[in-house]
Amino acid sequence: MASAIPGPRELPESRYDLSTYWGRVKHSADVSDPRMLLITRKKLEDAKGLVSDYKNGKIKEMTPKLWTSKKILDSTIHPDTGEPVFLPFRMSSYVLSNLVVTVGMLTPNMGTFGTLFWQITNQSLNVAINTANSNKSHPLTTQQLATSYALAVTASCSVALGLNSIVPRLKSLSSNSRLILGRLVPFAAVVSAGVVNVFLMRGEEIRKGISVFDADSGEVVGTSKTAATLAVGETAISRVLNASPIMVIPPLILVRLQRKFKMTKPIETVTNLGLILVTSFVALPFALGVFPQRRTVDVTRLEKKFWNLKSKEGKSITKLQFNRGM
């Protein structure tokens, strides 16, 4: 990210108003823009130079070229290491990296082997993306990472295989309802594993708390377990929202198309691929923008120790902020 470039002056967080949903949607569209994958090494170095000039006072105000440079760095550079994130695991590659796996999971009428293979592949990709983009100042141990991966795989495979065996037995439902439920099994598996993964990967935050800041001055005022619970809970919900359009809309549309048109297997696969690709590009920014990255809450929503704090100027602190995380 651009924050990895040294300098006493901070860049604006975004060109859009992140206090509004539409502003966050547009910001998310910038972050996940796949065109950033085409950036050359020279363009990356030029972007670093331009951002460095701004942060060190050589450029006085933001310009369209500077906003583009910030976008390049935010989609390419890890904020802790200052080095490019491995290309397939960048947020700008999120849709493309997940495309093949999503198509595999949503392929109709897979057997047990196919279900297990694609669920394991999906969780392996998730771990790789999470690890590549994780906070390097507090990395997970190998044991924590292995435990998170094993439990996420177990959750997704158990849900997928369990529901695949249960749905056909629901004789009280019409064949059409069973068909639709069967197509939504991968969604249930991905969501359950995603939620398990979030709470495992960030369980230490809930146990120890996260830093909270004065909303006006940005000064750290303490550590809050309640804020950590809110942050991790909202992140878990965001994983559900992220998966919902991609894992629900394409299979439901495909069912409708299969009823109207006789499809061969190749046509069915290509149609499925196209539906997932379009839905991913369109829906992802809307899902990512639901919750703001930097949350502001009333002090009364946190522990009592924050209720009567005062700033350096002697004013009562009524609002606190914390970084929700991804």
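User: What makes the charged end of Arg294 count as sitting over the ring of Phe213?

Analyst: Happy to help! In this predicted model, the charged end of Arg294 is 4.8 Å from the centre of the Phe213 ring. A charge has to be within 6 Å of the ring centre, and within 35 degrees of the ring normal, to be counted. Arg294 is listed as sitting over the ring. There is another case: Arg9 lies over the face of Tyr54, at 3.8 Å from the ring centre.

User: Which residue is the bridge partner of Arg294 in strand 4?

Analyst: That is Asn323. Strand 3 (residues 294–298) and strand 4 run antiparallel and are joined by five bridges. Strand 4 (residues 319–323) is also joined to strand 1 (residues 210–214), by two bridges, again antiparallel. Here Asp214 has Leu320 as its partner in strand 4.

User: How many aromatic pairs are there in the whole structure?

Analyst: A search finds four. One of them is Trp22 with Phe286, with 6.1 Å between the centres and 45 degrees between the planes. Centres within 6.5 Å make a pair, and an angle that is neither under 30 nor over 60 degrees counts as tilted, so this pair is tilted. The two residues are 264 apart in the chain: Trp22 belongs to helix 1 (residues 21–31) and Phe286 to helix 11 (residues 265–288).

User: Why is the pair of Phe86 and Phe89 called edge-to-face?

Analyst: Their ring centres are 5.4 Å apart and their planes stand at 70 degrees. Edge-to-face needs an angle over 60 degrees, so the name fits.

User: Are Phe86 and Phe89 buried or exposed?

Analyst: Phe86 has 56% relative accessibility, and exposed means over 50%, so Phe86 is exposed. Phe89 has 19%, and buried means under 20%, so Phe89 is buried.

User: Why is Phe286 called partly exposed?

Analyst: Its relative accessible area is 36%, which falls between 20% and 50%, so Phe286 is partly exposed. Leu96, in helix 4 (residues 94–105), has 41% and is partly exposed because that value lies between the same limits.

User: Which nonpolar patch do Leu96 and Phe286 help to form?

Analyst: They belong to a nonpolar patch on the surface with about 870 Å² of accessible area together, whose members include Tyr21, Trp22, Ile237 and Val290. Helix 1, helix 10 (225–260) and helix 11 each give two or more residues. The largest share, four residues, comes from helix 11.

Notes: Residues numbered from 1 in each chain as written. Predicted model: local features only at pLDDT ≥ 70, side-chain atom pairs only at ≥ 80, totals over all residues. Heavy atoms only, no water. Phe/Tyr/Trp six-rings, centres within 6.5 Å; stacked < 30°, edge-to-face > 60°. Buried < 20%, exposed > 50% of the residue type's maximum accessible area, 1.4 Å probe, protein only. Patch = residues over 30% accessible without salt bridge, like charges linked within 9 Å, V, L, I, M, F, W, Y side chains within 5 Å. Areas by Shrake-Rupley, 256 points an atom, 1.4 Å probe, with all protein chains shown as cover. Salt bridge = Lys/Arg side-chain N within 4 Å of Asp/Glu carboxyl O. Pairing = 2+ DSSP bridges.
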